[in-house]
Amino acid sequence: EAPLLNGSTNAKYTKQESSSYDRDFVLAGLFNSLDFLASNSAFHVSAANFVETIKASEPITTTMVALIWRIDQLRPKEAVALLVL
């Protein structure tokens, strides 16, 4: 059984899958933190309405990156939610 980030084990994942999952989890956290810092920094150098408009497109761009990198698959309910946005 492969250890996960919190030290517990999960029989569903092989050691290689767990390592890949842990790496993806850390990368997601890193990119989320960088996004937070960049968007908050943008408020200092640009108009708030422009920054909010860019931030509003974040779910769509995040989904597109995940699909391009084959990190995730888009389910029908998710597609409808993105269309509503």
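The largest pocket in this predicted model has a volume of about 1000 Å³. Its lining is made up of 31 residues, of which Ala28, Phe31, Thr62, Val65 and Ala66 are the closest to the centre of the pocket. When the lining is sorted by class, 16 of its residues are nonpolar, eight are polar and seven are charged. Four helices, namely α1 (15-45), α2 (48-56), α3 (58-68) and α4 (76-84), each contribute at least two residues to the lining of this pocket, and the largest share, amounting to 12 residues, is supplied by α1. A search for such space rests on a simple principle, in that a probe the size of a water molecule, rolled over the atoms, shows where empty space is left.

The helices that border the pocket belong to a protein with four helices and two strands, and the order of these elements along the sequence follows the pattern β-β-α-α-α-α. Among contacts in the protein with a separation of 6 or more, 3% are accounted for by residues that lie 24 or more positions apart. Of the 85 residues of the protein, 9% count as buried, while the area that the protein exposes comes to about 7200 Å², with 64% of this area supplied by carbon and sulfur atoms.

One of the residues examined individually is serine 39, which is placed in helix α1, the helix that also provides the largest share of the pocket lining. Serine 39 has a relative accessible area of 10%, and it is therefore classed as buried, the limit for this class being under 20%. When residues up to four places away in sequence are not counted, serine 39 touches Val51 and Lys55; the positions of both of these residues fall within the range given for α2 (48-56).

With regard to charged side chains, a search of the whole structure finds one salt bridge. This salt bridge joins the side chains of arginine 75 and glutamate 78, with a distance of 3.2 Å from N to O. The position of glutamate 78 falls within the range given for α4 (76-84), one of the helices that supply at least two residues to the lining of the largest pocket. Glutamate 78 has a relative accessible area of 31%, and because this value lies between the limits of 20% and 50%, the residue is described as partly exposed.

Key:
Residues are numbered from 1 along each chain as its sequence is written. This is a predicted model: local features need pLDDT of at least 70, side-chain atom pairs count only at pLDDT 80 or more; totals for chains, interfaces and linings use all residues. Side-chain values use heavy atoms; hydrogens and water are left out. On a 1 Å grid over the protein atoms alone, a cavity is a set of points where a 1.4 Å probe fits but cannot get out, and a pocket is an open set with protein on both sides within 12 Å along at least five of seven lines; lining residues have an atom within 4 Å of a point. Grid points are joined across faces, edges and corners, and a volume is the space filled by probe spheres set on the points. Ala, Val, Leu, Ile, Met, Phe, Trp, Tyr, Cys and Pro count as nonpolar, Asp, Glu, Lys and Arg as charged, and the others, Gly among them, as polar. Buried means under 20% relative accessible area, exposed over 50%, partly exposed in between (1.4 Å probe, protein chains only). Contact means heavy atoms within 4.5 Å. Accessible areas come from the Shrake-Rupley method with a 1.4 Å probe; for residues, only the protein chains shown count as cover. A salt bridge is a side-chain nitrogen of Lys or Arg within 4 Å of a carboxyl oxygen of Asp or Glu.
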